[in-house]
Amino acid sequence: MSSRVYEAINDQVNNELSASHSYLAMSGVCEQLNFPGAAHWFRVQSEEERGHALRLFDFIHARNYGVTLRQIHVETVPVRTLLEVFRASLAQEEQVSKQIDALYEIAMQEKDFAAVVEMQWFVTEQVEEEKSARDVIAKLEMAGSDARALLEIDRELGARAGEGGGTGGEGARG
Ligand code: FEO
């Protein structure tokens, strides 16, 4: 693995951990807004991002390199509306998609085909993640300030299954 590919993947381990932290912050904001279903949804998402980081962490070690972890910086999420929290999450996913595309390009340029294959999984995952956020945003926009509709969306978000398949975990409700 070239140092350029290695450094880009190591950066992405840190980016995914940062995304995980950021989603945990969003989960906390949803708790404050009294949307326990959305809080659960973001907690599951935080775990998914940690899973992404660990996937790359394992990839780096499998290729006989070491990982350098860095300090995580988390932007403060304003506590206003559920819609704003989900818009912030979509912006974050769009940012991650750009990071993944850049990483894919570096792997191609360096002819590192193992890294290209690994990054293909992430490219596909990003399409899904952006779509999930957009779907929730569309529903929230339709709901507007209708409390009953918002509570129904929150109930649906609370049913999101975790990585292990259940709705499990401390944050599972709904
Ligand atoms: Fe791992 Fe949602 O990017």
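So, let's start with the aromatic rings: Y23, W41, F42 and F86 are joined into a cluster by ring pairs. Keep in mind that what we're looking at is a predicted model. W41 from that cluster also has a charge over its face: R160 sits there, 4.5 Å from the ring centre.

How many aromatic pairs are there? The count is six. One of them is W121 with F122, an edge-to-face pair with the centres 4.9 Å apart and the planes at 80 degrees.

Now, are those two buried or exposed? F122 is buried, because its relative accessible area is 0% and the cut-off for buried is under 20%. W121 comes out at 32%, so that one counts as partly exposed. And W121 has an arginine over its ring face as well, namely R55, at 4.0 Å from the ring centre.

Okay, zooming out to the whole chain. It has five helices and zero strands, so if you walk along from the N terminus, you read α-α-α-α-α.

What about the overall dimensions? The C-alpha trace spans about 55 × 30 × 30 Å along its principal axes. The radius of gyration is 17 Å, and that agrees with the value near 16 Å you'd have for a compact globule of 174 residues.

On the inside, 43% of the 174 residues are buried. If you take the contacts with a separation of 6 or more, 80% of them are between residues 24 or more positions apart.

And on the outside, the accessible surface is about 9,300 Å², with 52% of it belonging to carbon and sulfur atoms.

Notes: Residues are numbered from 1 along each chain as its sequence is written. This is a predicted model: local features need pLDDT of at least 70, side-chain atom pairs count only at pLDDT 80 or more; totals for chains, interfaces and linings use all residues. Side-chain values use heavy atoms; hydrogens and water are left out. Rings of Phe, Tyr and Trp (its six-membered ring) pair if their centres lie within 6.5 Å; planes under 30 degrees apart count as stacked, over 60 as edge-to-face and the rest as tilted. Buried means under 20% relative accessible area, exposed over 50%, partly exposed in between (1.4 Å probe, protein chains only). A charge sits over a ring if NZ of Lys or CZ of Arg is within 6 Å of the ring centre and within 35 degrees of the ring normal. Helices (H or I, at least four residues) and strands (E, at least two) are DSSP runs, numbered from the N terminus. The radius of gyration is taken over C-alpha atoms; the globule rule is 2.2 Å times the number of residues to the power 0.38. Contact means heavy atoms within 4.5 Å. Accessible areas come from the Shrake-Rupley method with a 1.4 Å probe; for residues, only the protein chains shown count as cover.
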